[in-house]
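Got your viewer open? Load the model below and keep the selection tool handy for a short walk around it.

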Amino acid sequence: MNKAILGVALMASMAAGAIHAQPGEGWNDGDLIVTASNATNNSLLVYDTQGALVEQPRTGGTGGVSGNAGGIAQNHDLLAVVNFGSGNVSIFRKHGGAAPLQLARLVPAITNPVSVAFGHHHLYILTTTHIESHPIDRYGVSALPDGSAPLAHGDGSSAQVGVIGGQLIMTEKSNAIETVNLANGGAVAGGAHLVAHIPANVNAPFGLATRGDNAYVTIAHANEISLVRNDSVLAVTGSGTQMAPCWVALDGPYLFSANSPSHSVSRYVVSGHSIVQEAPVVASFNGAPTDIAYRDNLAAVVDSNGSASHVSIFDVDGDGNFSPKSSVTINSAATNGIAIVRADDLDE
């Protein structure tokens with residue numbers, strides 16, 4: 001086991017030793033790591049990259065979602081977080097000063113939301129039964145959808161939504177990988193349909209990461225990751241020694257999978273139709289990872305061991321190696337979602 005892996009395991013075990021700033025103290029307008037408490041009174045937990053708590057704003061809704069990814073999405077100065085129990089999505093705006101994220105609006109969803117994504121000047125909300133689109137203008141995210149469609153199964157097993165070209169891609173853990181078309185302007189149009197050539201052994205599609213027309217979808221219980229493009233599965237790769245890749249993050253040539261049962265993150269190199277596992281383990285954790293974010297040589301993972309959650313933050317070098325930067329222990333097993341808000345997002 002390399003030093004980086006040992007360092008992560010050590011930091012994840014420092015439950016009692018973490019020292020946090022009080023909300024609003026010590027923040028230097030740098031990058032932020034954001035997760036959600038997912039509690040009855042849901043709130044954001046906003047940390048700087050050293051693990052200091054910057055603020056803890058209420059979302060105005062109720063948490064309670066599990067078995068999903070993308071419960072938090074970020075786009076320029078906007079951040080969206082799902083409130084599963086209250087059936088809405090909170091929209092925050094990034095500001096400078098001691099309170100960098102401020103609640104701007106609550107957006108009602110058709111049913112309980114599980115995952116969100118931004119694209120085409122829209123916010124997309126995946127619920128337990130539907131996918132819906134909400135336009136964004138200079139006033140922010142509209143509370144009214146301009147398009148919606150029922151999911152292929154709609155049985156409450158939905159996991160994540162992503163944007164691929166002129167479509168959305170969604171996963172349902174009851175063995176559905178599906179897409180829906182977007183009309184001019186980005187509104188959901190038509191119905192959702194299953195992609196072609198889904199492997200016969202497909203079992204529990206979970207997380208996904210998208211870029212351009214490509215989507216990389218984890219097939220958790222088959223220990224596989226699939227490449228989906230143009231409404232078809234084009235390639236499949238195994239997870240090697242690591243069990244059940246669940247959640248993935250993509251940036252540059254590297255795809256990182258968070259493997260919940262194995263308490264690890266693996267590194268893949270992706271190009272064309274190729275998905276090649278380059279390193280089975282680049283980080284290990286005491287708990288099972290529940291989401292991962294990766295952006296511009298910074299990674300963040302949230303995991304849970306059943307009684308507490310941990311947010312682990314890493315520097316990532318040009319070869320895709322993880323170096324522990326900081327770790328935070330949260331006295332709750334219910335946290336949901338992870339996002340990286342860059343210091344320059346306000347200026348984009």
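One term before you click anything: buried means under 20% relative accessible area. Also keep in mind that this is a predicted model.

**Stop 1: a mostly covered strand**

Select residues 264–271, which make up strand E23. How many of its 8 residues are buried? The count is 6, so E23 is mostly covered by the under-20% cut-off.

Now bring in the partner on one side by adding residues 254–259, strand E22. E22 and E23 run antiparallel and are joined by 6 bridges. For a landmark in this pairing, show leucine 255, which stands opposite tyrosine 268 in E23. Then follow the chain round the turn: the two strands form a hairpin with 4 residues between them. Stop at histidine 263 in that turn, whose phi is positive at about 55°.

Next, add residues 274–284, strand E24. This strand also pairs with E23, in the antiparallel sense and over 7 bridges. Here the pair to look at is valine 265 and, opposite in E24, alanine 283. E23 and E24 form a hairpin too, with 2 residues between them. Which residue in this turn has a positive phi? That's glycine 272, at about 55°.

While the side chains are showing, scan along a strand: in a regular strand they alternate between the two faces of the sheet.

**Stop 2: an open sheet**

Clear the selection and pick up E17, E18, E19 and E20. These 4 strands make an open sheet in the order E17-E18-E19-E20, with antiparallel pairing. Where are the edges? E17 and strand E20 (232–238) each pair on one side only. Look down the sheet and you'll see the turn from strand to strand: neighbours are rotated by 25° against each other on average, direction ignored.

Zoom in on E18 (residues 214–219) and E19 (residues 224–229), which pair in the antiparallel sense over 5 bridges. Valine 217 is a handy marker here, standing opposite serine 226 in E19.

**Stop 3: the largest pocket**

Switch on a surface and centre on Ala73, Gln74, Thr210, Leu250 and Tyr294. Of the 32 residues lining the largest pocket, these five lie nearest its centre. The space inside comes to about 960 Å³.

Colour the contributing strands next. Among those that supply at least two lining residues are E4 (72–75), E8 (113–119), E13 (158–164) and E29 (336–341). Which strand gives the most? E25 does, with 5 residues. Colour by class and the lining splits into 19 nonpolar, 8 polar and 5 charged residues.

**Stop 4: the second largest pocket**

Now select Ser66, Gly67, Asn68, Thr290 and Thr335, the closest to the centre of the second largest pocket among its 16 lining residues. About 210 Å³ of space lies in this one. E21 and E25 are the elements that give two or more residues to its lining, and E25 gives the most, with 3. By class, the lining has 8 nonpolar, 8 polar and no charged residues.

**Stop 5: a histidine in a loop**

Finish at histidine 76, in the loop between E4 and strand E5 (78–83). Is histidine 76 buried or partly exposed? Its relative accessibility is 37%, so it counts as partly exposed. Last click: draw a C-alpha to C-alpha distance from histidine 76 to arginine 93. They are 17 residues apart in sequence and 9.1 Å apart in space.

Conventions:
Residues numbered from 1 in each chain as written. Predicted model: local features only at pLDDT ≥ 70, side-chain atom pairs only at ≥ 80, totals over all residues. Heavy atoms only, no water. 1 Å grid on protein atoms, 1.4 Å probe; cavity = no way out; pocket = protein on both sides within 12 Å on 5 of 7 lines; lining within 4 Å. Points joined across faces, edges and corners; volume = space filled by probe spheres on them. Nonpolar A, V, L, I, M, F, W, Y, C, P; charged D, E, K, R; others polar. Pairing = 2+ DSSP bridges. Axes fitted to C-alpha atoms, helices over the stretch in contact; angles between N-to-C directions. Buried < 20%, exposed > 50% of the residue type's maximum accessible area, 1.4 Å probe, protein only.
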